[in-house]
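Colleague: I'm new to this one, so could you take a close look at a single part and walk me through it? I'd like to hear about the metal site and the pockets around there.

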Amino acid sequence: MTQSYIGFLIEQCLSRRGLLHSALLATALPLASLQSRAATHSLGFKSITGSKEDRIILPEGYVYDVLIRWGEALSHRVPDMDATGIQKGGLLTADAALNQLQQFGSNCDAIHFFQLNAAIKSTQGVLCINNEYTNDWLMYAGRKQAFGNDPQHVRDYILQHPSIVAMSKAAHGISVVEVQRDHGPWRYLKSSKYNRRVTASTLIEIKGPARGYAWLKTQADPTGTQVSGTFGNCAGGRTPWGTYLSAEENIQDYFGNFAGFYARKKNDSAVMAAHQRWRMWSDVSPYGWEVMDQRFDASLEPNEAFRFGWIVEVDPLNPHKPPVKRTALGRFAHEAASPIVAANGKVAVYMGDDDKFEYVYKFVSAQRFDAKHPAANADLLDQGILYAARFDANGRGEWLPLVYSSDGPLNAEKGFRNQAEVLINARAAADVLGATMMDRPEDVEPNPLTGKVYIVCTRNESRADQNVQGTYGHRKIDVGPNAANPRGKNVWGHIIELTENNNDHSAVKFSWEVLLMGGDSSAGSARQSENTEDVKTDHPVSAIGSPDNIGFDAAGNLWIVTDGPQPENNNNGCFVCPVMGPQRGVIKQFMSAPVDAEVCGCVFTPDNETLFLSIQHPGEGGTLDNLSSHWPDGGNAVPRSSVIAIRKKDGGVIGS
Ligand code: FEO
Ligand code: CA
Ligand code: CA
């Protein structure tokens with residue numbers, strides 16, 4: 001890593017700065033006090049350099065524990081997965097699938113920590129962890145690496161090994177697991193009463209305005225009120241009332257036979273339009289579940305896909321309570337869901353739709369959060385208004401309500417017959433409203449210290465340099481730059497900072513600026529800030545590309561984990577920058593991941609002495625015959641996604 005590689009501040013224009021400073025003056029007192037608090041947290045660790053090594057690299061003085069690996073048992077009733085047998089076909093059995101139902105799932109993503117006993121200092125809690133997807137070619141001997149490129153192979157392989165559908169369904173979803181640290185490493189408790197798997201087959205309630213709507217009804221569920229399972233669970237959130245939110249993201253990869261569906265004569269044209277808007281058109285899906293299970297065959301169950309793409313709420317301390325899909329929060333490729341209580345007591349939930357040229361959303365509850373009666377908040381996410389964001393070139397913006405009305409913009413003439421259709425086809429509703437098409441908005445989270453909201457646009461290689469018409473997601477759109485996504489071929493991504501009017505999270509107007517652009521400024525692929533010299537660094541500035549999930553420490557510093565190309569082709573990692581003071585936006589690298597892994601999670605214990613990260617899909621670029629990673633177990637081991645807990649060897653706050 002060299003100093004010329006830089007994740008740098010961008011101040012877009014002087015007039016905007018003036019405007020933003022005016023906006024800040026309205027809240028001058030609290031911000032001033034926040035800035036002095038933030039200045040006390042030094043981020044004094046010595047940054048590491050990027051690496052291509054197949055291991056976790058941390059700054060001096062830090063250690064990590066592998067807390068739980070894919071396949072480790074969450075109960076004494078099943079054995080741990082025998083990873084040494086995977087290359088010999090060990091997962092091609094019905095027993096393997098049954099065991100996976102009670103083992104930690106695959107490809108961990110979001111992590112949230114629910115402290116169990118405040119008296120014992122953040123060392124005992126329950127983790128809720130998403131298990132987003134499976135790398136079938138690293139699980140099943142003889143399965144090719146092809147991801148949708150060889151449909152005949154997928155179909156033939158599944159017909160030959162039908163039990164892998166049950167195995168893969170069991171490896172998806174959510175894991176709830178109790179964790180603890182005494183004086184040594186973090187460990188999970190195999191026999192905890194809280195341990196639980198939610199898989200692609202677990203019974204889940206559907207609630208909110210779309211519950212029971214015709215589009216949610218199937219042969220298995222003629223009421224449209226209950227669905228079997230969840231998958232594509234990417235990032236998530238933690239509610240103020242102590243529940244976990246899990247975001248269903250890439251659901252299009254699980255449904256097949258769309259040629260058969262589109263050829264049907266009896267189709268409702270609005271249903272077809274909704275599936276096309278989500279780019280649902282596979283004949284054989286990458287996972288091929290439809291080969292064995294007709295609910296994933298769009299020609300037989302065209303509504304099943306409408307039952308996915310939601311936010312799922314899980315109560316981690318009530319293992320027998322069914323999870324709930326909250327339809328009021330809309331249906332799109334949900335990356336995350338980040339709740340915060342607004343000044344008026346209503347709850348805002350910030351969300352990104354992680355696809356190219358998609359939108360940033362916010363839900364605001366109709367009712368107020370009741371801190372004294374946690375049970376009163378149980379269905380708070382069922383009533384409220386969903387908004388999509390429009391970013392204007394003057395540094396201002398507006399939240400546009402996705403509300404059906406016969407005399408409003410979302411009406412039958414525009415393709416929406418009621419609020420359920422608006423929520424199920426939220427992307428199309430946001431199109432009509434003129435929301436701003438973003439560069440794959442992944443995590444969207446408010447900084448709990450300042451209330452400012454950070455929107456992580458991971459990248460968008462399809463963004464053109466010029467404002468020209470193109471096609472994406474079955475839409476003819478302007479694929480060129482806009483104010484909030486200013487870079488053509490945005491290969492390194494960027495992060496936007498949004499300030500709600502009066503710092504009120506229920507507000508419908510906001511101001512915004514780009515906090516940082518990722519990439520390599522020396523090669524000209526990143527946009528050079530005219531004010532780069534204004535940034536006084538006390539350390540080399542680390543390069544960053546493909547920012548994905550974020551987290552905040554107690555001092556309000558922004559922690560960023562990455563998924564995708566990095567400058568100098570290094571592995572993914574974990575980075576941090578202050579968002580206030582002279583070092584604002586100046587990145588330091590804290591951790592480097594194993595080969596082909598992405599880093600997700602990024603959540604601290606309340607005392608900030610432990611950072612939990614998900615190491616997702618290590619070795620994804622390899623095959624079982626030619627492994628590219630052996631993490632975490634080394635030697636000749638098959639790579640396994642795992643959660644790690646990072647701490648200071650001698651104790652203390654992470655990053656200090
Ligand atoms: Fe599952 Fe957008 O990352
Ligand atoms: Ca992600
Ligand atoms: Ca990602």
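Modeller: One bit of bookkeeping before the tour: Ala, Val, Leu, Ile, Met, Phe, Trp, Tyr, Cys and Pro count as nonpolar, Asp, Glu, Lys and Arg as charged, and the others, Gly among them, as polar. Also keep in mind that this is a predicted model.

Let's go to the largest pocket, which holds about 1,000 Å³ of space. Its lining has 48 residues, and Tyr-133, Asn-250, Arg-440, Asp-563 and Glu-620 sit nearest the centre. Sort that lining by class and you get 19 charged, 16 polar and 13 nonpolar residues. Domain 1 (3-70 + 105-133 + 172-249 + 309-648) and domain 2 (250-308) each give at least three residues to the lining.

Hang on to Asp-563, one of the residues nearest the centre of that pocket, as it leads us to the metals. Asp-563 (OD) is a donor to the calcium ion (ligand 3), along with Asp-548 (OD) and Glu-442 (OE), the last of these listed twice, at 2.2 to 3.1 Å. Along the sequence, those donor residues follow the spacing E-x105-D-x14-D. The site ties together distant parts of the chain: Glu-442 belongs to strand 21 (residues 441-446) and Asp-548 to strand 27 (residues 547-552), 106 residues apart.

There's a partner, too. The calcium ion (ligand 2) lies 3.5 Å from the calcium ion (ligand 3), and Glu-442 coordinates both. For the calcium ion (ligand 2), the donors are Glu-335 (OE), Glu-442 (OE) and Asp-548 (OD), with Asp-548 listed twice, at 2.2 to 2.7 Å. Here the spacing reads E-x106-E-x105-D. Again distant stretches are linked: Glu-335 is in the loop between strand 13 (324-326) and strand 14, 107 residues from Glu-442 in strand 21.

So are these donors buried or exposed? Buried means under 20% relative accessible area. Glu-335 counts as buried because its relative accessible area is 0%. Glu-442 comes in at 1%, so it is buried, and Asp-548 is buried at 1% as well.

Strands 21 and 27 turn up once more in the second largest pocket, where each supplies at least two lining residues. About 770 Å³ of space lies in that pocket, and its 33 lining residues include His-112, Arg-238, Glu-445, Pro-448 and Val-603 nearest the centre. Strand 3 gives the largest share of the lining, six residues. By class, this lining has 17 nonpolar, eleven polar and five charged residues.

Technical notes: Residues numbered from 1 in each chain as written. Chains lettered and ligands numbered in written order. Predicted model: local features only at pLDDT ≥ 70, side-chain atom pairs only at ≥ 80, totals over all residues. Heavy atoms only, no water. Donors = N, O, S within 2.8 Å, 3.2 Å for Na, K, Ca; no water. Helix = DSSP H or I, 4+ residues; strand = E, 2+ residues; numbered from the N terminus. Buried < 20%, exposed > 50% of the residue type's maximum accessible area, 1.4 Å probe, protein only. 1 Å grid on protein atoms, 1.4 Å probe; cavity = no way out; pocket = protein on both sides within 12 Å on 5 of 7 lines; lining within 4 Å. Points joined across faces, edges and corners; volume = space filled by probe spheres on them. Domains from an automatic or database assignment.
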